[in-house]
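Biologist: Could you take me through one part of this model at close range? I would like to look at the aromatic residues and the nonpolar surroundings they sit in.

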Amino acid sequence: MTTVGDKLVSGSDDHTIKVWDTRSWACERTLTEHTEWICALASTPDGGKVFSGSRDSRVKVWDTTTWECERTLEYNASPFCLLVSGSTLVAGFGVRATIMMKSWATGEDEGTLEGHGKIVRALVERGGKLWSRSERAHV
């Protein structure tokens with residue numbers, strides 16, 4: 001899940017993303033462009049973009065003013081977690097337990113980090129550093 005203003009965005013194994021109004025808890029919109037279950041969501045600090053990662057090995061970039069998909073980023077595996085750092089989208093994967101970085105505006109690869117022995121489950125940025133956690137509890 002992620003939040004955008006007074007909206008909660010959730011993903012599901014039914015391949016959809018739902019946008020909920022947190023005042024009424026009514027579903028305002030259902031996004032259906034993924035072909036597999038949604039396993040990761042993130043948003044920009046200003047709430048202008050939401051990112052959805054799916055088992056279809058794609059991350060979709062959504063404009064939150066229109067809820068249209070602006071871009072699809074292709075990967076060779078399913079992202080398990082996402083983090084937005086400026087114009088960089090950081091994604092954690094299970095395949096080869098890697099972390100991949102791409103420009104979310106252009107889709108250009110910005111690097112790959114390796115070293116976890118299992119699936120990368122969490123990403124946090126604090127004090128200019130990237131922290132990651134895997135299933136083996138390594139940070």
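Modeller: Happy to! A word on terms before we start: a residue counts as buried when its relative accessible area is under 20%. Please also keep in mind that this is a predicted model.

With that cut-off, W104 is buried, because its relative accessible area is 17%. Its partner is F51, which is buried as well, at 0% relative accessibility. The structure holds 2 aromatic pairs. In one of them, F51 and W104 meet edge-to-face, with 5.6 Å centre to centre and 70° between the planes. F51 belongs to strand β6 (residues 49–54), while W104 is in the loop between β11 (99–103) and β12 (109–113), so the pair ties together parts that are 53 residues apart in sequence.

Now for Y75 and F93, which form a tilted aromatic pair, 5.1 Å centre to centre and with 45° between the planes. This pair also links distant parts of the chain: Y75 sits in the loop between β8 and β9 (79–85) and F93 in strand β10 (residues 88–93), 18 residues apart. Y75 is buried, as its relative accessible area is 9%, and F93 counts as buried at 1%. The ring of Y75 has a further partner: the charged end of K102 sits over it, 4.3 Å from the ring centre.

What surrounds these rings? In soluble globular proteins, nonpolar side chains tend to be buried together. Here, the largest nonpolar core has 15 residues, and F51, V59, Y75, L82 and L89 are those with the most contacts inside it. Two or more residues come from each of β5, β7, β9 and β10, and β10 gives the most, with 3 residues. L89 is a good place to zoom in: leaving aside neighbours within four places in sequence, its contacts include F51, Y75, K102 and W104. V59, L73 and L82 are also among the residues that L89 touches. Apart from this core lies another, of 10 residues, including I17, V19, V50 and W62.

Finally, the sheet that F51's strand helps to build. Strands β5-β6-β7-β8 form an open sheet in that order, with antiparallel pairing. Its edge strands are β5 (38–43) and β8 (68–74), each pairing on one side only. Neighbouring strands in the sheet are turned by 20° against each other on average, direction ignored. Between β7 (residues 58–63) and β8 there are 6 bridges, and these two strands run antiparallel. For a landmark on screen, find R58, which stands opposite E74 in β8.

Methods
Residues are numbered from 1 along each chain as its sequence is written. This is a predicted model: local features need pLDDT of at least 70, side-chain atom pairs count only at pLDDT 80 or more; totals for chains, interfaces and linings use all residues. Side-chain values use heavy atoms; hydrogens and water are left out. Two strands pair if DSSP finds at least two bridges between them. Helices (H or I, at least four residues) and strands (E, at least two) are DSSP runs, numbered from the N terminus. Axes are lines fitted to C-alpha atoms, for helices over the stretch in contact, and angles run from 0 to 180 degrees between N-to-C directions. Rings of Phe, Tyr and Trp (its six-membered ring) pair if their centres lie within 6.5 Å; planes under 30 degrees apart count as stacked, over 60 as edge-to-face and the rest as tilted. Buried means under 20% relative accessible area, exposed over 50%, partly exposed in between (1.4 Å probe, protein chains only). A charge sits over a ring if NZ of Lys or CZ of Arg is within 6 Å of the ring centre and within 35 degrees of the ring normal. A nonpolar core is a set of buried Ala, Val, Leu, Ile, Met, Phe, Trp, Tyr and Cys residues joined through side-chain atoms within 4.5 Å. Contact means heavy atoms within 4.5 Å.
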